[in-house]
Amino acid sequence: MTTTTQQATQETVAASARNLTKTYGQGDTQVHALRGIDLDLSRGRFAAIMGPSGSGKSTLMHCLAGLDQPSGGTVTVAGTDLGSLDDDTLTIFRREHIGFVFQSFNLLPTLTAGENIVLPLELGDRRIDDAARERAHMLADILGVADRLGHRPTELSGGQQQRVAIARALITQPDLLFADEPTGNLDSTTSAEVLDHLRQSARELGQTVVMVTHERDAAAYADYVVTMQDGRIV
Amino acid sequence: MRTVFLASLRTHIRRYVAAAIAVAVAVAFVVVVGVLTSGAHSGLMDGLGAPYRNADHVVSAVGWPASVLDPKAAIAFTERHGENAAATGRATLPARANGRRLSETTVGPIATSEEWRWQKLSSGRFPAGTGEAVVDVYFALAENIEVGDRVRIGEGAAARDARVVGLVESPSPPAQAAMYVTWPQLLQWRDHIHLTAVAVRGEVGQLPEGAKAQSPEGFAAERLTYVQNRVNSLSVMLLLFAGIALFVSVLVIANTFSILFAQRLRDFALLRCIGATRRQVVRSVRREAAVVGVLASLTGTLVGIGLGYGLIALINALTPTIPMGAAELPTPWLLGGFAVGLVVTMVASWLPTRRVVRVSPLAALRPDTAVDVHTATGLVRLALAAILLVTGLTLLGLAMVQDSTALMVAGGGSVFAGVLLFGPVLVPRLVRITGALLGPAGRLATKNAVRNPRRTATTTASLLVGVTLTTAVLTGMATWRSSLDEQIGRDHPIDVALTSPKEPVTTDLLNRVRHTPGVEQAIPVDGAVARVAGLDKAIPVVIAPAAAQVARDGGAFARVEPGKIGIDSEAFGKNLSLRPGDRVTVHVGDRRAQLQVAVGSGWGPVGVVAPETLATLTDAPEPHAIWIRASSGADPAQLGGDLDELADPVGATIENGLRTWESLDQQLGIYAWSALGLLGIAVVIALIGIANTLGLSVLERAREHAMLRALGLTRRQLRRMLATEAVLLSVVATLLGTVIGVGFAWVGYETIVKRALSDATMQVPWPLLGVVVLIAALAGLLAAVLPARRAARVTPAAGLSLD
C-alpha cells in the first residue's frame with residue numbers, strides 16, 4: 001500500500017521539500033530565511049513561487065536546486081535526497097537533472113550563443129554528437145534564436161540572451177528547470193515572449209518548470225502559484 | 001575625496017600585495033648589491049697597506065697591472081737594500097704536507113724583523129730561519145695542516161723540507177700567500193718568484209728598470225682603486241640583473257593597476273557622476289599607487305639590508321679568504337633603492353591611471369553589469385612594433401657582419417621591445433594554437449586566457465624577459481663550453497702525464513697506475529733519455545703511436561713529422577729558452593740528430609719525435625713515461641695525489657692537465673649558474689605576476705564561475721580550468737622566450753664567440769631547454785594554485801548573489 005503510494009508520488013512529483021529550514025547568522029543577528037517548508041512540485045507543470053523580496057523565495061529555490069545547503073529538512077529531486085550528496089556528486093547531479101535560467105542571463109561572454117547552449121553537455125565531457133546538435137537546433141528554433149547562434153552574447157538583445165539561456169537550460173532535458181526572476185531585466189513585450197516559452201516548455205515538452213518571481217503578471221503564466229511570506233508558504 | 005581615497009585603500013590594499021611583493025623583491029635586490037659592495041670595499045681596505053706601513057717608499061711596476069716587476073731585477077734591488085727593504089710577492093710551487101700533495105701553493109716571504117712583518121700570528125710562533133714556515137690559517141684549515149706538521153715545498157732538486165711553526169692571518173691582497181718562509185729561504189726558488197712591490201726605508205737609490213717609487217699611501221690608493229674598480233664592475237653587473245628584475249616588476253605592477261582600475265571603472269564613473277572632477281579621481285588613484293610604492297620600497301629596503309648583512313656573515317663564514325668587512329649602512333644605496341622602487345611603481349601606474357581619466361560619467365548609469373574589458377590593439381602600437389622589429393633585425397645583421405657587440409646589444413633590445421609591443425597580437429594567437437592541442441577540455445581555459453589580449457600579453461611578457469635571457473645564457477654556455485672543451489683538449493691532450501726523466505718506468509708501476517681508481521686507460525710511452533741543446537737537464541725523447549688511446553685531441557699532438565721535436569712549453573715553464581722553429585742538436589749517448597723545435601703543451605717534460613727520428617737515436621727504446629686518461633667523473637686532485645704517491649718514490653714527476661680542465665670547467669659553471677640564479681629572481685617576479693593576474697581575473701569572473709558551478713562544473717574541473725589557463729600562459733611565454741633566446745644566442749655566437757674561438761660551433765642544449773619549458777609549466781601550475789583554490793571556494797548560490 002505504502003509502496004504504491006510512493007511510486008505514484010514519484011510519477012507525479014518532480015521534487016519535494018520536507019520541513020525545510022534555512023538560518024543565516026547566529027544569536028541576535030539570526031535570520032530565518034525558511035521556517036519549515038513542505039512542498040511538492042508536480043511533474044510536467046509550470047509552478048511559480050511568488051512573494052515580496054525577503055520572503056525567502058530565492059533561498060527556497062537555491063535549496064531545491066542544490067545550490068545551497070539547507071539548515072534542516074530534506075530536499076528530494078527525481079527520487080534523490082540532495083542532502084546525501086557531497087559537493088562533487090551534487091554538482092554532477094545538478095549538471096544532469098537541473099536546468100537554470102537566471103535574471104541577469106549569465107551567458108559566458110567568451111562563447112557564442114551556440115556554444116553557450118551546448119556548454120552543459122561539454123562540462124559533463126559528453127561528446128557533442130549529432131543528436132545533441134539536432135536538439136540544440138530544435139530548441140533554438142522553438143525559442144527563435146536559430147539565426148543568432150554564431151553571435152556573442154554582447155551582440156544579442158536582452159530577450160535573445162534570455163532565450164539562449166532557456167535553450168541552454170533545456171539542452172540536458174533536466175528533471176527540473178529553475179527560472180530565477182527570468183523577466184527581471186526585460187521589458188513587458190519581451191517578458192511575455194519569454195514567459196510564453198517557459199509555459200510552452202511545460203506544455204509541449206513536458207518539462208517541469210519552477211519560476212521564482214515577485215511579479216503578479218509573470219506568475220499568471222504559471223499552472224499553479226506557491227506564495228511565500230516570512231519564510232513560510234501561505 | 002579623502003574619504004574615498006582612504007576607503008578605497010582599505011578595500012583594495014590586499015589586491016596590491018602581489019604587485020608590492022614584485023617591487024619589494026626588485027628593491028631588495030638593489031639594496032643587497034649595495035650592502036655587498038660596501039662590505040667588499042671595507043673588507044679590502046682593512047690590511048691592504050699593512051706590509052708597507054713602516055716604509056718611506058714603495059717600489060712597484062710602472063703601468064701595473066698590465067706590466068709587472070722583473071723578478072730578477074727586483075730581487076737584486078731588494079738584496080742591495082738589505083735590512084732596509086722588504087719585498088712582497090709570492091712563488092707558486094708544488095708542495096706536500098705530511099706526505100700528501102697539496103694543490104698549487106703560493107709561498108711568500110715573512111720578515112724576521114718586527115717592523116717589516118705584517119702577518120698576524122694566530123697560533124704558534126713566527127719562523128726564525130730556514131727550515132721553518134708559517135701557514136695562512138684559512139689555507140691550513142682547508143688543507144688540514146697543523147703546527148708541527150712537515151711540509152715539502154718545491155719539486156725535484158729544488159724541494160726543501162720545512163716545519164710548520166705557526167699559523168698566521170694575512171689580510172693584504174697584494175701580499176697574500178698560502179705559506180710564508182723567511183726571505184733567504186724563499187730565494188731558493190728564485191726562478192719562481194714574482195714580486196708585487198718592495199717596501200724601502202730611507203733612500204730608494206737606483207730603481208730597477210720599469211719600476212717606480214711611491215709613498216705607501218699612494219701605493220695603497222693605487223691598489224685599492226684597482227680592486228675597488230673590479231668590485232664596482234661586479235656591482236654594475238649585478239645591477240644589470242637588478243635592472244632586469246625591476247623591468248619585470250614594472251610589467252607586473254602596470255598589469256595589476258590596469259586590471260584593478262578596469263574592475264573599478266564603474267566606481268570611478270559613479271564618482272564622476274556625483275561631481276568628482278577628473279583631476280580628483282586621478283589624484284586619488286595616483287595617491288593609491290604612491291602608497292603601494294612607498295610601502296613596497298620600504299619593505300624591499302629593509303629586507304635587502306637584512307639579506308645583505310646575512311650574506312656578508314655567510315660569505316665570511318664559508319669563504320674566509322674573501323675579506324668582507326662589516327660595512328656601515330650604505331645610505332646612498334638605500335635611498336637609491338627606495339627611490340627606484342617608488343619611481344618604478346609610479347611610472348608603471350601612469351598609463352593605467354590615464355585610462356581612468358577617460359571614463360565617462362554615463363558609464364555608471366548603463367545597466368550592463370558585466371565587466372568585460374576588451375582592449376584593442378592600436379595601429380600606432382603595431383606600426384611602432386614593426387619599425388622596432390625591422391630596425392632591430394637589421395642591427396643584428398650588421399652586428400654579425402661587423403662583429404660589433406654594441407650593435408648587437410642595440411639590435412637585441414630593439415627586437416625584444418618590438419616583440420613585447422607586438423605581444424597583444426602575437427601572444428593570444430600562440431595561446432590559441434597551443435590551446436587547440438588540448439582539445440575541448442582546454443577550450444574554456446583558452447578562451448579565458450585570450451579574453452583580454454593586452455593583459456595576456458603583459459602577463460606573458462614578464463616571463464618572456466626572464467626565459468629569453470635564461471635560454472640565451474644556457475645556449476651561450478653550451479656553445480662556449482663545447483668550444484672550450486676542444487681548445488682545452490688541444491692544450492691539455494693528456495689528463496695526467498707521469499714522466500720518469502732518468503730510469504725507465506717498470507711494468508709494475510704501469511700496472512699499479514692502471515689499477516689506480518679514476519684511471520680509465522694508461523699507455524707506456526717509449527723513448528730514450530737525451531740531452532737537448534738549450535735545456536739544462538736531460539729529458540726523454542719519446543714516440544707515442546698509441547697516443548690516440550688516451551689523448552683528448554685524438555693523438556694529433558703526438559704525430560710529429562720526422563726531423564722535428566715537440567716540446568711542452570708549460571712543463572718547462574717560463575725558463576724555456578727554445579722557441580718554435582729553433583734548430584737544436586739532440587744527443588742520445590753518442591748518437592745525435594738535428595731537429596726543429598715545435599711547441600705545444602699538455603704532455604709533460606718529454607720531447608715527442610717521429611718513430612724514424614727515434615730510430616736514428618736509439619736501437620732499444622724503453623718506456624720513460626705513462627700517459628693516463630682519467631675516467632669521467634674522476635676527482636682531479638684525488639687522482640693527481642694518488643698518482644703522485646706512485647711517481648714520487650721512483651723519481652718520476654706528474655703533470656696534471658685534468659686539474660686545469662676542471663678549474664676552467666668550474667669557472668664557466670660558476671659564471672653561468674650565477675647568471676641563471678640572478679635571472680631566477682626576475683623569473684620569480686614574473687611568476688608572482690602570473691599568479692596575480694590570474695587572481696585578479698578570478699575576482700572579476702566570480703559570477704561566471706558561480707554560474708558554471710550552478711550549471712554543473714565540479715570544483716575540480718574549475719580548478720583544472722584555471723590551472724590550464726596559467727599553464728597555457730607560462731608555456732607560451734616560455735616557448736616564445738626559448739625561440740627568441742636561441743636566436744639571440746646564435747647572434748651572440750656569430751658576433752662574439754666566433755671571433756674569440758674561431759672553430760667554435762653553435763650548440764643548442766635542447767634537453768636543458770626542454771627542462772626550462774617543463775619548469776615553466778610547473779611554475780605556471782604553482783601560480784594557479786592559490787587563485788584556483790579561492791575561485792573554487794565560492795558556492796554557486798553565493799556567486800550568483802554577488803553584484
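## Helix H3 of chain B

In this predicted model, B:Gly82 adopts a positive phi of about 55° just after H3(B). The helix itself spans residues 71-81 of chain B, and its buried residues are B:Ala74, B:Ile75, B:Phe77 and B:Thr78. These four cover an arc of only 160° around the axis, which puts them on the same side of H3(B). In general, an α-helix has 3.6 residues a turn, so residues three or four places apart point the same way.

The buried residues of H3(B) pack against three strands of chain B, namely S1 (57-61), S2 (85-93) and S11 (193-200). On the face turned away from the buried side, H3(B) carries the exposed residues B:Ala76, B:Glu79 and B:Arg80.

## Positive phi outside glycine

Most residues other than glycine have a negative phi. A:Gln173 takes a positive value, with phi near 50°. This residue is found in the loop between helix H6 (158-170) and S7 of chain A. A:Gln173 counts as partly exposed because it has 13 C-beta neighbours inside 10 Å, and the buried class requires 20 or more.

B:Asp403 also has a positive phi, near 55°. It is found in the loop of chain B that runs between helix H10 (379-402) and helix H11 (405-436). With 13 C-beta neighbours inside 10 Å, B:Asp403 counts as partly exposed.

## Fold of chain A

Chain A contains 8 helices and 10 strands. Of its 234 residues, 48% count as buried. Among contacts in chain A between residues at least 6 apart in sequence, 71% join residues at least 24 apart.

An open sheet of 6 strands in chain A follows the order S6-S7-S8-S3-S9-S10, with mixed pairing. Strands S6 (98-101) and S10 (232-233) of chain A stand at the edges; each has a single partner strand, so one side of each is left without a neighbour in the sheet. Within the sheet, S3 (residues 46-50) and S8 (residues 209-213) of chain A pair in the parallel sense over 5 bridges. In this pairing A:Ala48 stands opposite A:Met211 of S8(A). Helix H7 (residues 188-205) of chain A packs on the sheet, where it touches S3, S7 (176-180) and S8 of chain A. The direction of H7(A) makes about 155° with that of S8(A).

## Nonpolar cores

The largest nonpolar core has 196 residues, and those with the most contacts inside it are B:Ala22, B:Ala26 and B:Ala245. Helix H2 (residues 17-45) of chain B provides the largest share of this core, 19 residues. A second, separate core of 53 residues includes B:Val525, B:Ile539, B:Val608 and B:Leu617.

Leaving aside residues up to four places away in sequence, B:Ala245 touches B:Val25, B:Ala26 and B:Phe29, together with B:Ile681, B:Ala682 and B:Ile685.

## Contact between the chains

The contact between chains A and B takes 22 residues from chain A and 22 residues from chain B. On the side of chain A that touches chain B, the elements giving two or more residues are helix H3 (87-97) and helix H4 (113-123) of chain A. H3(A) supplies the largest share of that side, 6 residues. By class, this side of chain A has 10 nonpolar, 6 polar and 6 charged residues.

Technical notes. Residues numbered from 1 in each chain as written. Chains lettered and ligands numbered in written order. Predicted model: local features only at pLDDT ≥ 70, side-chain atom pairs only at ≥ 80, totals over all residues. Contact = placed C-beta atoms within 7 Å. Nonpolar A, V, L, I, M, F, W, Y, C, P; charged D, E, K, R; others polar. Core = buried A, V, L, I, M, F, W, Y, C linked by C-beta atoms within 7 Å. Buried ≥ 20, exposed ≤ 12 C-beta atoms within 10 Å, placed from the backbone. Pairing = 2+ DSSP bridges. Axes fitted to C-alpha atoms, helices over the stretch in contact; angles between N-to-C directions. Arc of directions from axis to C-beta.
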